[in-house]
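Work through the exercises below with the sequence and the model side by side. Try each task before reading its solution.

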Amino acid sequence: DIDLLIIVEKSNEKPHKRMKPAYKVLRGLKIPKDILVYTETEFENQANEISSLFFKIKNEGVKLFEIA
């Protein structure tokens, strides 16, 4: 199972609509996957909440790729 968080700089779409292209690109992987797509601001706003998934991701997650 893959749990993937994609952070984008900006987006006018709602988070659930942002996920569709990611699922489409990864549909060839024949394993279960959960994909979240949030903006930098959305992520940072929630990442300091100790009980949030974003806090856990920020502190324990593994960064796979970053564009500088």
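**Exercise 1.** Is Glu42 buried, partly exposed or exposed?

*Solution.* Before starting, note that this is a predicted model, in which local features need pLDDT of at least 70 and side-chain atom pairs count only at pLDDT 80 or more, while totals for chains, interfaces and linings use all residues. Residues are numbered from 1 along each chain as its sequence is written, and side-chain values use heavy atoms, with hydrogens and water left out.

The first step is to recall the cut-offs: buried means under 20% relative accessible area, exposed means over 50%, and partly exposed lies in between (1.4 Å probe, protein chains only). The second step is to apply them: Glu42 has a relative accessible area of 23%, and therefore Glu42 is partly exposed.

**Exercise 2.** Find the salt bridge partner of Glu42, and describe where the two residues lie.

*Solution.* A salt bridge is a side-chain nitrogen of Lys or Arg within 4 Å of a carboxyl oxygen of Asp or Glu. Glu42 meets this rule with Arg18, since their closest N and O atoms are 2.7 Å apart. The pair links distant parts of the chain, with Glu42 in helix α2 and Arg18 in helix α1 (residues 15–26), 24 residues apart. Helices here are DSSP runs of H or I with at least four residues, strands are runs of E with at least two, and both are numbered from the N terminus. Arg18 counts as buried, because its relative accessibility is 7%.

**Exercise 3.** How many salt bridges does the rule give, and which other pairs form them?

*Solution.* The count comes to 3 salt bridges. Glu44 forms one with Lys58, where the closest N and O atoms are 3.2 Å apart. Glu44 lies in helix α2 and Lys58 in helix α3, so this pair ties together parts that are 14 residues apart in sequence. Glu44 is partly exposed at 40% relative accessibility, and Lys58 is partly exposed at 42%. Glu66 forms another with Lys63, the closest N and O atoms being 3.0 Å apart, and both Glu66 and Lys63 are exposed. Glu66 is placed in the segment after α3.

**Exercise 4.** Where is Ser52 found, and which residues does it contact beyond its neighbours within four places in sequence?

*Solution.* Ser52 sits in the loop between α2 (40–47) and α3 (53–60). Ser52 has a relative accessible area of 17%, so it is buried. Leaving aside neighbours within four places in sequence, Ser52 is in contact (heavy atoms within 4.5 Å) with Gln46 and Ala47. A polar atom of the Ser52 side chain lies 2.8 Å from the backbone oxygen of Gln46.

Technical notes: A polar contact is a pair of N or O atoms within 3.5 Å; within protein, one must be able to donate a hydrogen and the other to accept it, and residues adjacent in sequence count only if both atoms are side-chain atoms.
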